[in-house]
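Grab a coffee and open the viewer. Below are some short exercises, each followed by a solution you can trace step by step.

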Amino acid sequence: MHDLSAKSAYELRTPYAFWRETEGIPMYDGYWIEDVRTVELGDWPRTGGRGAFVNLNGAGMNCDAHINEIPPKQQLKAERHLYEEIVFILSGQGATVIWNDGGAKHTLEWQEGSLFSPPLNTWHQHFNADSSRPARFISLTSAPQAINQYRNLDFIFNNPFIFSDRYRGEAGELTKPGQYIQKGVKPGRVWETNFVANLMEFQPKEHSARGAGTRNSLFEFVGNTMSAHLSAFPPGKYKKAHRHGPGAHIVILTGNGYSLMWPEGTEPQRIDWRPGSLVVPPLDWYHQHFCPGPEPARFIALNPGDSNILWRISPSPTGTKTRVARKSNMAIRIRRFTGCSSKSATGAGHKHKCRCLPDQARRKAIL
Ligand SMILES: [Fe+2]
């Protein structure tokens, strides 16, 4: 293991940056990735598979994402670590075995669309059940925080401490049925679970406060400080502009559309997306998602904080709430951006069927 403490002393680069370099795999930065299902990966000796780091600007050094690929009918090396991880299966089918030292091994069988989180510092090993195709997943992790704080990879990756308050290793604990929690700032919309078999079959709750036809449910993995939320909205609709803390990694599941993102006082930048795209709005940037159609849009956002904390770390004067853009300001900004003179472009009860999509000449360059 490398001595990150000595290596990073009095350096501008963080211990995490030094560690990332030693892993020897590609790293992607910027504001978005067109398709995480097909982005180029490199051999990753530590995991035994292929992979890449994703360090988009919007993560704000708060979290990172790892893309992992397991070759056909093979498995990654078993690992444990003192950073949290939420795993979303992008393609393929297989299983993950999870255990604590001296405890029983339990297995999650997954497929494309599965979502789960190996409990903190448990051993876990991913297997590809398909003999002809690789399996690929993306995981949001808190590795930057953990590695920058402790600066000791032996402590992070070889620590025997068992968080029995989070996971006891009992039969059925990982797959017990989820339930909606009726407390917190979003009562009745937070699904507490350890495993979602397929996000495409999960019906999120109606949430028109974020836009006509919008549905939204949040996921809390028992014991985790990280969370996720699933959003869906129909063709010809949009989600209201809002802003919050950094690090929400949005993976598009269905639909072809675009997002506008901008820091206060600047012009919106447009990012076109499709299934497999990843977008991360930076800290306190307004962002708004549009679905011109014809397919409904659905995305999973992997969040570095719990369903309350992600918003609480925003400098919002409302404290625990996401700030939603004032309609009047939004209408002006969107009409200016799209060239549309219709007041229905952003009004309440949105009638904007994207008849006034930005013409090519007015499109901003991709961020
Ligand atoms: Fe957001």
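## Exercise 1: How far to trust it

pLDDT, the predictor's confidence in each residue on a scale from 0 to 100, stays under 50 over residues 326-367, a stretch with 58 contacts beyond four places in sequence in the model. Two residues are in contact if their C-beta atoms, placed from the backbone, lie within 7 Å.

Find the other stretch with pLDDT under 50, and put both into the context of the chain.

*Solution.*
- Start with the ground rules. This is a predicted model, where local features need pLDDT of at least 70 and side-chain atom pairs count only at pLDDT 80 or more, while totals for chains, interfaces and linings use all residues. Numbering runs from 1 along each chain as its sequence is written.
- Next, look at residues 312-322: pLDDT stays under 50 there too, with 20 contacts beyond four places in sequence in the model.
- Now take the whole protein chain: its mean pLDDT is 85, and 83% of its residues reach 70 or more.
- Where pLDDT is low, don't read the predicted coordinates in detail.

## Exercise 2: The chain in numbers

Sum up the make-up of the protein chain.

*Solution.*
- Count the elements: the protein chain has six helices and 25 strands. These are DSSP runs numbered from the N terminus, with helices being H or I of at least four residues and strands being E of at least two.
- Check burial: 43% of the 367 residues count as buried. Buried means that 20 or more other C-beta atoms lie within 10 Å of the residue's own, exposed means 12 or fewer, and partly exposed is in between, with C-beta atoms placed from the backbone.
- Then check contact range: of the contacts between residues at least 6 apart in sequence, 69% join residues at least 24 apart.

## Exercise 3: One face of a helix

Which residues of helix 2 (residues 15-23) are buried, and what do they pack against?

*Solution.*
- The buried ones are Pro 15, Tyr 16 and Trp 19.
- Look down the axis of helix 2: its buried residues fall within an arc of 95°, so they line one face of the helix. The arc is taken from the directions between the helix axis and the C-beta atoms.
- Their packing partners are helix 1 (4-8), helix 3 (143-150) and helix 4 (153-157).
- Just past helix 2, Gly 24 has a positive phi of about 75°.

## Exercise 4: Around strand 4

Which strands are joined to strand 4 (residues 49-54) by bridges, and how many of its residues are buried?

*Solution.*
- Two strands count as paired if DSSP finds at least two bridges between them.
- Strand 1 (residues 27-28) runs parallel to strand 4, joined by two bridges, and Tyr 28 sits opposite Val 54.
- Strand 3 (residues 42-44) runs antiparallel to strand 4 with three bridges, and Gly 42 faces Gly 51. These two strands make a hairpin with four residues between them, and Gly 48 in the turn has a positive phi of about 85°.
- Strand 5 (residues 64-70) is antiparallel to strand 4 over five bridges; here Val 54 has Ala 65 as its bridge partner.
- As for burial, six of the six residues in strand 4 are buried. Gly 49, Gly 51 and Phe 53 lie on one side, with Arg 50, Ala 52 and Val 54 on the other, so both faces are covered.

## Exercise 5: Ile 33 and its sheet

Is Ile 33 buried or exposed, and which residues does it contact beyond four places in sequence?

*Solution.*
- Ile 33 belongs to strand 2 (residues 32-33).
- Ile 33 is buried, because 25 other C-beta atoms lie within 10 Å.
- Beyond four places in sequence, Ile 33 contacts Tyr 28, Val 39, Val 54, Ser 277 and Leu 278.
- Val 251 is 218 residues away along the chain, yet the C-alpha atoms of Ile 33 and Val 251 are separated by 9.5 Å.
- Zoom out to an open sheet of eight strands with mixed pairing, in the order 2-22-19-24-16-15-13-12. Its edge strands are strand 2 and strand 12 (179-181), each pairing on one side only.
- At the strand 12 end, three bridges make an antiparallel pair with strand 13 (residues 190-193), where Gln 179 stands opposite Glu 192.
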